[in-house]
Amino acid sequence: MPLVVEFTANIVDSWGHAIKYNWDFGDGQTASNTTSNQIKHTYADKNNYTAMVSGVSDIQTPTANCPASATIDVKAWTNQNQQEVAP
């Protein structure tokens with residue numbers, strides 16, 4: 001079963017410029033120049049993935065402390081009870 005994960009990035013430009021987000025989901029899929037700090041991604045296969053996000057202000061300056069990353073452990077789940085299913 002695929003797993004949908006919603007990511008939220010809290011990247012701030014110290015001058016208040018708009019941020020564009022560049023996402024790398026760790027499974028070969030990316031999303032570039034998104035304007036929302038939230039995004040959903042579907043992982044099709046069980047595995048460990050390291051998702052990363054970086055931000056660039058609208059004047060093309062990288063933001064501090066970027067990129068940020070998180071490790072996602074994708075396992076198989078049932079739809080009804082959200083219990084882990086043995087592989």
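Start with the whole chain in view: the protein has 6 strands and 0 helices, where helices (H or I, at least four residues) and strands (E, at least two) are DSSP runs numbered from the N terminus. Follow the chain along its sequence and you get β-β-β-β-β-β.

Before you click on anything, note that this is a predicted model, in which local features need pLDDT of at least 70 and side-chain atom pairs count only at pLDDT 80 or more, while totals for chains, interfaces and linings use all residues. Residues are numbered from 1 along each chain as its sequence is written, and side-chain values use heavy atoms, with hydrogens and water left out.

**The whole protein**

Turn on the surface. About 5900 Å² of it is accessible, and 47% of that belongs to carbon and sulfur atoms (Shrake-Rupley method, 1.4 Å probe; for residues, only the protein chains shown count as cover). Of the 87 residues, 26% are buried, meaning under 20% relative accessible area; exposed is over 50%, and partly exposed is in between (1.4 Å probe, protein chains only). Now think about contacts, meaning heavy atoms within 4.5 Å: among those between residues at least 6 apart in sequence, 54% join residues at least 24 apart.

**Select Phe7**

Phe7 sits in strand β1. It counts as buried because its relative accessible area is 10%. Add Lys40 to the selection: Phe7 and Lys40 are 33 residues apart in sequence, yet their C-alpha atoms are 6.2 Å apart. Their strands are β1 and β4, and these two run antiparallel, joined by 6 bridges (strands pair if DSSP finds at least two bridges between them). To see one bridge, pick Thr8, whose partner in β4 is Gln38.

**Walk along β4**

Show the side chains of β4. Which of them point to the buried face? Ile39, His41 and Tyr43 do, while Gln38, Lys40 and Thr42 point the other way and are not buried. That fits a general habit: in a regular strand the side chains alternate between the two faces of the sheet.

**Light up the rings**

Next, select the aromatic residues. Rings of Phe, Tyr and Trp (its six-membered ring) pair if their centres lie within 6.5 Å; planes under 30 degrees apart count as stacked, over 60 as edge-to-face and the rest as tilted. By this rule there are 5 aromatic pairs. Zoom in on Phe7 and Phe25: their ring centres are 5.8 Å apart and their planes are at 40 degrees, so this pair is tilted. The pair bridges 18 residues of sequence, from Phe7 in β1 (residues 3–8) to Phe25 in the loop between β2 (19–24) and β3. Add Tyr21 and Trp23, and you have a cluster linked by ring pairs: Phe7, Tyr21, Trp23 and Phe25.

Those four turn up again in the largest nonpolar core, a set of 14 residues in which Phe7, Tyr21, Trp23, Phe25 and Tyr43 touch the most other members. (A nonpolar core is a set of buried Ala, Val, Leu, Ile, Met, Phe, Trp, Tyr and Cys residues joined through side-chain atoms within 4.5 Å.) Two or more core residues come from each of β1, β2, β4 (38–43) and β5 (47–57).

**Last stop: β3**

Pick Thr34 in strand β3. Is this residue buried or exposed? Thr34 counts as buried because its relative accessibility is 19%. Its side chain makes a polar contact of 3.1 Å with that of Trp23 (N or O atoms within 3.5 Å; within protein, one must be able to donate a hydrogen and the other to accept it, and residues adjacent in sequence count only if both atoms are side-chain atoms). Step back to Asn33, also in β3 (residues 30–34): its phi is near 55 degrees, a positive value in a residue other than glycine.
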